[in-house]
Amino acid sequence: QRFVKPLSVALCLTAAAVASSLAHADTFRVAVGDGAGSAQHALGLKFAEAFHEKTGGKHDTKLFLNGQLGDEQATINDASMGLLDFSILAINNVTPFSPTVGVLTLPYMMQSLDDAVALTQGEVGKQLIENTIRDAGVRIVGWTYTGFRVLTNSKHPVQKLEDLQDLKIRVPQNEIMIDTYRAWGINPTPMAWSETFTGLQLGVVDGQDNPYLTVSSMKFDEVQKYITDIRYLFSIEPLVVSEAVFQSQPADVQQAIQEAGHAATVHSAKWLVEQEDKIKAELAAGGMEITEPANGEKEWMEKAINQVWPKYYDQLGGKEKLNEILTSLGRDTI
Ligand code: MLT
């Protein structure tokens, strides 16, 4: 994988030493990629409250918003080395470190919040948690449900793929998402999340995609005018704990982490349902123009599924595996 930073044995040893020195910290540090009012923030607050309660007030967490502890992808490296306790970040920024997680960034795989909950909290989610511990040295203990990523840009309304062709679109450093835009006929610009607002503001890129809740909490409405309500990716944003830090905790604290993560996950799904329409209406009232893709997004969907999925069959466990997942979601196989 292109973006994986291999960890040397020396770094792992340092990690173990750092983790053991942090092992009994009263306050754990949580990196949060997004800002105040975001779905990530809501999950973090709920986790902090539940964790405090479940440890009888012995342990607390401190949230560092807006990427203060580093860009989302960098936080995975830090957590894997035990230099950071927790991180809340978009799943697309985990995939480069644990390729099978890419199933959650496959275009049009999830078509509703129910699909997202079924995948993350069912058998697929369990397997992805194991794989992420093995590949990336972090354990997923909670899931944020942030809603469908919508396309924003500063230039003009986009309904058809034709309208996309003159736009420079920022994407995360995620191969599946890069390939999706290529299937749609453009070469997108991979850019770290921490640089995205400035990139849009300075016109380095014209647009990007992220959920309504993120567009609002990151204040993208200040630098973007048009939204296209595409539904190609339902954004999942896990809470991960450094596996080195997790393993250095006593059993009761490990259990409190897992239980608080579950409470935060349940809260996140409810919070999305309460917030999303309200935030969408606020963005429209504030002057953003929201358009539906032409013809029910058929063209977008066909191109993405036909051109992107086959390329990732091997990485994601084979076509049969994907068909099993589709069947479990009650959908047609491919
Ligand atoms: C991204 O586009 O890199 C992510 O969705 C950012 C985020 O909201 O965490």
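A residue counts as buried under 20% relative accessible area, exposed over 50%, and partly exposed in between, with a 1.4 Å probe and protein chains only. This is a predicted model, where local features need pLDDT of at least 70, side-chain atom pairs count only at pLDDT 80 or more, and totals for chains, interfaces and linings use all residues. Residues are numbered from 1 along each chain as its sequence is written, and side-chain values use heavy atoms, with hydrogens and water left out.

**Exercise 1.** Work out whether A304 is buried or exposed.

*Solution.* Start by finding A304: look in helix α12, residues 298-312 (helices are DSSP runs of H or I, at least four residues, numbered from the N terminus). Next, check the relative accessible area of A304, which is 0%, so A304 is buried. Finally, look for T180: it is 124 residues away along the chain, yet the C-alpha atoms of A304 and T180 are separated by 5.6 Å.

**Exercise 2.** Find which residues come nearest to the ligand, and pick out side-chain N or O atoms paired with ligand oxygens (a polar contact is a pair of N or O atoms within 3.5 Å).

*Solution.* First, go through the 13 residues around the ligand (with a heavy atom within 4 Å of it): Q40, E72, R149, R170 and N210 come nearest.

Then take the side chains one by one:
- R170 has an N or O atom 2.7 Å from a ligand oxygen.
- R149 places a polar atom 2.8 Å from a ligand oxygen.
- Q40 has an N or O atom 2.9 Å from a ligand oxygen.

Definitions and conventions:
A polar contact is a pair of N or O atoms within 3.5 Å; within protein, one must be able to donate a hydrogen and the other to accept it, and residues adjacent in sequence count only if both atoms are side-chain atoms. Helices (H or I, at least four residues) and strands (E, at least two) are DSSP runs, numbered from the N terminus.
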